[in-house]
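Below is a short report on one protein model. It takes up the cysteines, then one helix, then the sheets.

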Amino acid sequence: MKIVRAKDYADMSRKAANLISAQVILKPDCVLGLATGSTPIGAYKQLSEWYQKGDVDFSQVSTYNLDEYRGLSHDDPQSYHYFMRDNFFNHINIDINNTHVPDGANPDAAAACAEYDAMVAAAGYPDLQLLGIGNNGHIGFNEPDNHFSKGTHCVDLTESTIQANSRLFDSIDQVPRQAYTMGTQTIMYARMIVIVANGEKKAQAVHDMCFGPVTPQCPASILQLHTNCVVVADEAALALCPEA
């Protein structure tokens, strides 16, 4: 696990975008695993600006997102289908048919998760997987548990995750209580993982991910076992970590 220190959110976003653009330039038809939430928005904005300047071409790229709320239509403004179009896909030259997000609108959880697992496997798993980290150490929507998850599955969101995500909704009552998410095993199949974190609220989770025991109580800690994982975090998020 390599830690890249950034001065602030903007610097973190540029450094993460550099890693993603390098992957696309080296392998134009690469598979990217993508994340939602507020943390990666800056990286998506930077990549979009570089595309507009002609520095990076997404025309052959395919993408697979980590997760989606259960019960939201693809056009719901709070869905991750909508989030990805609004924050990234609509601003670059990617073929929308090559973008994939779990089908939260499918009420059959087993079928939706099995279908998504099959698609990710058929694509050969991501060349680069972008991740954020929750305040409780979750990756995707893999919440603290007594075991590490495997394939895509339906999860009950913890109260801390519901509280954290409520800022994006008009009311906490509108936050879905379940989601479909790639499992930690699927995430670990990615050939490179880039995880971004910013702000003091993430400091404990980042410390536990990088320096704590590998335990499903901090799902992100399993990334210590990955052979090519890069943590890009600002000074506030790294406040509890020893200097490299």
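A disulfide is counted when two cysteine sulfur atoms lie within 2.5 Å. By that cut-off the structure holds zero disulfides. The model is predicted: local features need pLDDT of at least 70, side-chain atom pairs count only at pLDDT 80 or more, and totals for chains, interfaces and linings use all residues. Residues are numbered from 1 along each chain as its sequence is written, and side-chain values use heavy atoms, with hydrogens and water left out.

**Cysteines**

Why does C154 form no bond with C113? The two sulfurs are 6.3 Å apart, which is too far, and C113 holds the closest cysteine sulfur to that of C154. C229 is in no disulfide either; the nearest cysteine sulfur belongs to C210. Burial is set by relative accessible area: buried is under 20%, exposed over 50%, partly exposed in between (1.4 Å probe, protein chains only).

| Cysteine | Nearest cysteine sulfur | Relative accessible area |
|---|---|---|
| C154 | C113, 6.3 Å | 26%, partly exposed |
| C229 | C210, 7.6 Å | 3%, buried |

**Helix 1**

Helices (H or I, at least four residues) and strands (E, at least two) are DSSP runs, numbered from the N terminus. Helix 1 covers residues 9-26, 18 residues in total. From first to last C-alpha it reaches 26 Å, close to the expected 26 Å. That expectation is 1.5 Å times one less than the number of residues. Among the buried residues of helix 1 are M12, A16, I20 and V24. Their cover, by contact (heavy atoms within 4.5 Å), includes helix 2 (41-52), strand 1 (2-6) and strand 10 (229-234). At the start of helix 1, a side-chain oxygen of D8 comes within 3.3 Å of the backbone nitrogen of A10.

**Sheets**

Strands pair if DSSP finds at least two bridges between them. Seven strands form an open, parallel sheet in the order 1-10-9-6-2-3-5. Strand 1 and strand 5 (99-100) are at its edges, each with a single partner strand, so one side of each has no neighbour in the sheet. Inside this order, two bridges pair strand 2 with strand 6 in the parallel sense. G33 stands opposite Q129 of strand 6. Helix 1 packs on this sheet, touching strand 1, strand 2, strand 6, strand 9 and strand 10. The helix makes about 155° with the direction of strand 10; axes are lines fitted to C-alpha atoms, for helices over the stretch in contact, and angles run from 0 to 180 degrees between N-to-C directions.

An open sheet of three strands is antiparallel, ordered 4-8-7. Strand 4 (67-69) and strand 7 (153-156) are its edges, each pairing on one side only. Four bridges join strand 7 to strand 8 (residues 178-181). In strand 8, T181 is the bridge partner of H153.

Technical notes. A polar contact is a pair of N or O atoms within 3.5 Å; within protein, one must be able to donate a hydrogen and the other to accept it, and residues adjacent in sequence count only if both atoms are side-chain atoms.
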